[in-house]
Amino acid sequence: MLSHLPAVLAAFFLISSCQPASETDKPAAQTTPAGEWIGTGEQRLWTQTYRSAQLTDHPTLLLVLHGDAPFNRPAYQYALARQVAQANTNVVAVGLLRPGYTDPAGHKSAGERGEATGDNYTPAVIDALAAALTTLKARYQAGRVVVAGHSGGAAITANLLGRHPGLADAALLASCPCNVAVWRAHMKRQVGGPVWDLPTQSVSPEQVVARIPAATRITLLTGTVDSIAPPALTQEYYGRLQRQGIPAKLRELPAQGHEIFLTKDVQQEIGRLLE
C-alpha cells in the first residue's frame with residue numbers, strides 16, 4: 001500500500017512515466033512478444049521476450065528492469081526490450097516485471113513490492129532476479145549477458161553485479177539512486193514525510209561494489225536536471241567503480257531529467273554494450 005506517502009509525491013515522483021515506443025521504429029521480425037513466467041514460488045516473475053530477426057546459436061541476452069513506479073503499472077521495460085531487439089542483431093531482449101509489481105495487463109510477479117521508497121532492493125529481490133537471469137541464460141544459451149536498469153531498477157542492477165559476480169558481462173545504469181541512504185534523505189527533503197525514515201533491508205550499490213569483477217563493462221547515464229535521482233549520485237558511484245579498476249563510462253545528458261530510459265541515448269549505449 002502507498003496510502004501514507006505524501007500526496008505531493010504523486011506530482012513529483014514520475015518514475016515509469018516514460019513515453020511509449022515510437023511508432024516509427026523498424027518492423028520487428030517478432031511482432032508479438034513471448035510472454036512467460038520464469039521461476040516458481042516466491043521467485044515467479046513475469047517476462048516478455050523479443051528476438052532479433054537474426055540469431056546465432058549463442059545470442060546476447062539483454063535483461064531490462066523498470067524503476068520503482070510508485071503510481072503506475074510499469075510496461076516501459078517491455079518497450080525498451082522491443083526497441084533493442086528491433087535495432088540490433090543477435091539479441092534476445094527480455095523485459096522483466098520486478099518482484100511484487102503488476103503490469104498494465106494484470107500480470108503480477110511474486111515477491112514484495114514495497115513502498116517505492118528504495119525499500120525493496122533487498123537480498124530476496126536481488127536473488128530472485130539472479131535466478132531468473134540464470135534460467136534465461138541457460139534457456140537461450142547466451143554467449144553474453146547485459147542488464148539494463150532504470151532508477152530503482154538501476155540500483156538493483158548494480159546490486160546484482162556485486163551480489164552475483166560474473167553473472168552479467170555488462171550493464172547500463174540509467175538515473176541511478178546508487179547510494180540508497182543518501183537518495184532517501186534527498187527525497188525526504190524534496191517531499192517530506194516519515195516514510196523515508198523507516199528502516200529497510202535494501203542493499204545499497206556501494207556496499208557490494210568491491211565484489212564486481214574488474215572485466216565488467218558498465219555504462220552510467222544521468223540527466224543533468226534530474227531532480228529525483230540527482231547526477232551526484234551517479235557521479236559518486238562512477239568514482240567508486242573507477243577506484244575498483246572497473247572500466248566504467250559516464251554520460252551526462254544535458255537538460256534531461258529522470259525519464260531517459262526510452263531515449264535514443266540509452267538505446268545507443270545499450271547497442272555498444274551488446275557489441
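## Exercises: helix crossing and sheet order

In this predicted model, α2 passes α8 in a right-handed crossing.

**Exercise 1.** Classify the packing of α2 and α8 from the angle at which their axes cross.

*Solution.*
- Locate the helices: α2 covers residues 76-87 and α8 covers residues 264-274.
- Take the geometry. The two axes come within 11 Å and cross at roughly 55°.
- Apply the cut-offs. Roughly parallel needs an angle under 35 degrees, and roughly perpendicular runs from 65 to 115.
- Conclude: α2 and α8 are therefore oblique to each other.

**Exercise 2.** List the residues through which α2 and α8 meet, then sort them by character.

*Solution.*
- On the α2 side, take Leu80, Gln83 and Val84.
- On the α8 side, take Val266, Gln267, Ile270 and Leu274.
- Sort the residues of this contact: five are nonpolar, two are polar and none is charged.

**Exercise 3.** Give the strand order of the open sheet and name its edge strands.

*Solution.*
- Write the order of the eight strands: β1-β2-β4-β3-β5-β6-β7-β8.
- Note the pairing, which is mixed.
- Pick the edges. β1 (34-38) and β8 (248-253) each pair on one side only.
- Add the twist: neighbouring strands are turned by 20° on average, direction ignored.

**Exercise 4.** Describe how β6 and β7 pair, and place α7 relative to the sheet.

*Solution.*
- Pair the strands. β6 (residues 170-174) runs parallel to β7 (residues 217-223), over five bridges.
- Fix the register: Ala174 stands opposite Leu221 in β7.
- Add α7 (residues 231-243). This helix packs on the sheet and touches β6, β7 and β8.
- Orient α7: its direction makes about 160° with that of β7.

Note on methods. Residues are numbered from 1 along each chain as its sequence is written. This is a predicted model: local features need pLDDT of at least 70, side-chain atom pairs count only at pLDDT 80 or more; totals for chains, interfaces and linings use all residues. Side-chain values use heavy atoms; hydrogens and water are left out. Axes are lines fitted to C-alpha atoms, for helices over the stretch in contact, and angles run from 0 to 180 degrees between N-to-C directions. Helices (H or I, at least four residues) and strands (E, at least two) are DSSP runs, numbered from the N terminus. Angles under 35 degrees count as roughly parallel, over 145 as roughly antiparallel, 65 to 115 as roughly perpendicular and the rest as oblique. A crossing is left-handed if the near helix is turned anticlockwise from the far one by less than a right angle, and right-handed if clockwise. Contact means heavy atoms within 4.5 Å. Ala, Val, Leu, Ile, Met, Phe, Trp, Tyr, Cys and Pro count as nonpolar, Asp, Glu, Lys and Arg as charged, and the others, Gly among them, as polar. Two strands pair if DSSP finds at least two bridges between them.
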